[in-house]
Amino acid sequence: MNRAPRDYLKWTVGIIVVVFIAVLPLVWIFSLSLKTPATVSDKSFFPKEFTLDNYSTLFQGGFDSPLLRPLINSVSIALIATVIAVTLASFTAYAIARLDFPGKSAILAGALAIAMFPQISVVGPLFDMWRALHLYDTYPGLIIPYLTFSLPLAIYILVAFFREIPWELEQAAQVDGATPWQAFSKVILPLAAPGVFTAAILVFIFAWNDFIFAITLTSSDASRTVPAALAFFQGDSQFTAPTGNIAAAAVLVTIPIIIFVLIFQRRIVAGLTAGAVKG
Amino acid sequence: MTAIPIGKRSKKAPASDKTKAERKLGLMLCAPAVVAMLLVTVYPILYAVALSVQKVDLRFPEESGFVGLANYKAVLTSDLWWQGVFNTSLIAVVSVSIELVLGMGLALVMHRAIFGRGVVRTAVLIPYGVVTVVAAFAWFFAFDPSSGFVNNLPFVPDDKAWFGGHNSSLSVIIMAEVWKTTPFMGLLLLAGLATIDEGLYEAARVDGATAWQRFWRITLPLLKPALLVALLFRTLDAFRVFDSIFVMTRGAQDTESVSILGYNQLISRLNLGLGSAVSVLIFVLVLLIAFVFVRILGTSNPASQGERS
């Protein structure tokens, strides 16, 4: 097909506009994080004086520093929640995609309902329950709601992926004498790995992004994650706003997730749209 | 809607041992996830209902007791609640409408991309990946009169206090929401576009349909199911808006959403009774919105349309 040069020009301008809008806030917060305390209020987009002090003060004092503990908490909690959620979702999705048993549609409908559930509605009861169960301000106290609220997404992605797996292979394994469990773990699981990985990425992003549970179910750096810690940052003195430090911490938590998204973009797109367009 | 069709295998024969074993395995495999989901949603919401009919204020524990519907009456007669419902609905309707238009544009250009499709996809995934709180801080600092570059731009008054007024605060909050979630809308619509048969467009072109006619007569009707699913997800998601408001205004200038209102009652004031009434009412509102969408979705289903005509 022949395209007019004008089409190319329009398209090029379109690409530039989309990329510009997508990265603008990130470039801005990065530039803010490099400004010195004297120039942080100069209202210019790019810094006139550069400093890395905003970054180094975040880690001053080791474990008592403003960011180190929250960063460790964020990574650990998100990873543990991801592993548990994807494991449980794999069991469920396998059963729904491959086995015949009553209640399948009820489980899928229930999962869909939970995906739309307003988190604020359970924050109060969880706050009260967790204090009684000594889960308040602990890792499990955050891991449990994260894995629950990401289970629907993981189940839907995995059911969509599991349906694409050749069903005959499992039967062949069973003909050869494998039990249903062996057929699941030895044959289907390796084939399902890409789907499992996709689900894991999206669950991790969900847990990493959460704010509402992180500020309501924690009270100290023992389990506070980075988004919650950011909202409670204090300035060096009560007269200096911690703008530079917040910007620096924001950059640090954004870099890994951006790298992640760039490497796995195909999987993320596949996962986000799985299920949503089918049926 | 998003329900994935369940493959029915014909099993006319009476339940054999193998079928029984399969049923047992199926239920066992589902049990952990189902228990986890019930434990963190159904049980707490019932617990919230129980708390909402009592006076439970953690600052005055000795005054606890059954109060019937008094908490609901207090919430439903307070201006704060209705302001919150109004703000939340406004944010949801305005941001989802803007996202729908932008997301549709994004999906159409990505679908018809001449080159550089990968670049656009990478770019739109960045806002999706950025933590909401981080995005909220970025926009907050950009508009904050003491540090932001926005007031330095041409045509913007140098001393405009964006977070000093109700409308300007809400505008910035909506902008942050739109920036963050348009990619999700765009990707869902793009996936929907991919399912449309290209032959239809060829046929329409042969018959002399303009691009505008092709969009309204082919793209939109066939995209309707994907569109409604995307709208449902985004509307309910927008209705939960919390992070951006917490970071930017904490509800100052009457910008509280219902979620911020619930948080303030439950966690800041430790009034679990009143806060739980707010929680239950938010839950009911979300149910209502979902119900309306599912009804529309049901009637847009070609099969049920066939039954009516």
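Domain bounds here come from an automatic or database domain assignment. On that footing, chain B of this predicted model splits into domain 1 (43–77 + 271–301) and domain 2 (85–258).

**Figure 1. The two domains of chain B and the contact between them.** Domain 1 of chain B is assembled from two stretches, 43–77 and 271–301, while domain 2 of chain B runs over 85–258. Taken over C-alpha atoms, the centres of the two domains sit 30 Å apart. The contact uses 8 residues from domain 1 of chain B and 8 residues from domain 2 of chain B. On the domain 1 side, that works out as 7 nonpolar, 1 polar and no charged.

**Figure 2. Chain A on its own, a chain of helices.** Count them up and you get 12 helices and 0 strands; the pattern along the sequence is α-α-α-α-α-α-α-α-α-α-α-α. Lined up with the principal axes, the C-alpha atoms of chain A fill a box of roughly 75 × 70 × 30 Å. How much of chain A counts as buried? Of its 279 residues, 48% do. As for who touches whom, take the contacts in chain A between residues at least 6 apart in sequence: 74% of them join residues at least 24 apart.

**Figure 3. Where chain B touches chain A.** Here 86 residues of chain B are in contact with 92 residues of chain A. Which elements of chain B give two or more residues to its side? They are helix H1 (17–52), helix H4 (117–129), helix H5 (132–143), helix H6 (166–194), helix H8 (211–239), helix H9 (243–248), helix H10 (258–268) and helix H11 (272–300) of chain B. H1(B) gives the largest share, 20 residues. Sorted by residue type, the chain B side divides into 60 nonpolar, 19 polar and 7 charged.

**Figure 4. Zooming in on H5(A) against H1(B).** Helix H5 (residues 120–132) of chain A packs on H1(B) at an angle of about 85 degrees, and the axes are 8 Å apart. Angles of 65 to 115 degrees count as roughly perpendicular, so that is the label for H5(A) and H1(B). On the H5(A) side, look for A:Ser121, A:Val122, A:Gly124, A:Pro125, A:Leu126 and A:Met129. They meet B:Val40, B:Thr41, B:Pro44, B:Ile45, B:Tyr47, B:Ala48 and B:Leu51 in H1(B). That contact divides into 10 nonpolar, 3 polar and no charged residues.

**Figure 5. The largest nonpolar core, with A:Ala250 and its contacts.** This core has 166 residues, and those with the most contacts inside it are A:Ala89, A:Ala154, A:Val203, A:Ala250 and B:Phe137. Helix H6 (residues 139–163) of chain A supplies the largest share, 17 residues. What does A:Ala250 touch, once its neighbours within four places in sequence are left aside? From chain A there are A:Ile29 and A:Leu230, and from chain B there are B:Val134, B:Phe137 and B:Ala138.

**Figure 6. Two nonpolar residues in loops, A:Phe232 and B:Ile196.** A:Phe232 is found in the loop between helix H10 (226–231) and helix H11 (243–263) of chain A. Is A:Phe232 buried or exposed? A:Phe232 has 11 C-beta neighbours inside 10 Å, and the cut-off for exposed is 12 or fewer, so A:Phe232 counts as exposed. A:Phe232 and A:Ser44 are 188 residues apart in sequence, with 26 Å between their C-alpha atoms. B:Ile196, in the loop between H6 and helix H7 (198–206) of chain B, has 16 C-beta neighbours inside 10 Å and counts as partly exposed. Neighbours within four places aside, B:Ile196 is in contact with B:Thr219 and B:Leu222. B:Leu222 is 26 residues from B:Ile196 in sequence, yet 6.9 Å away in space, C-alpha to C-alpha.

**Figure 7. A pair of positive phi values, at A:Asp137 and B:Arg250.** Some background: most residues other than glycine have a negative phi. A:Asp137, which is not a glycine, has a positive phi near 60 degrees. A:Asp137 lies in the loop between H5 and H6 of chain A and is partly exposed, with 17 other C-beta atoms within 10 Å. Over in chain B, B:Arg250 has a positive phi of about 50 degrees, and it isn't a glycine either. B:Arg250 belongs to the loop between H9 and H10 of chain B; with 14 C-beta neighbours inside 10 Å, B:Arg250 counts as partly exposed.

Note on methods:
Residues numbered from 1 in each chain as written. Chains lettered and ligands numbered in written order. Predicted model: local features only at pLDDT ≥ 70, side-chain atom pairs only at ≥ 80, totals over all residues. Contact = placed C-beta atoms within 7 Å. Helix = DSSP H or I, 4+ residues; strand = E, 2+ residues; numbered from the N terminus. Nonpolar A, V, L, I, M, F, W, Y, C, P; charged D, E, K, R; others polar. Buried ≥ 20, exposed ≤ 12 C-beta atoms within 10 Å, placed from the backbone. Axes fitted to C-alpha atoms, helices over the stretch in contact; angles between N-to-C directions. Parallel < 35°, antiparallel > 145°, perpendicular 65-115°, else oblique. Core = buried A, V, L, I, M, F, W, Y, C linked by C-beta atoms within 7 Å.
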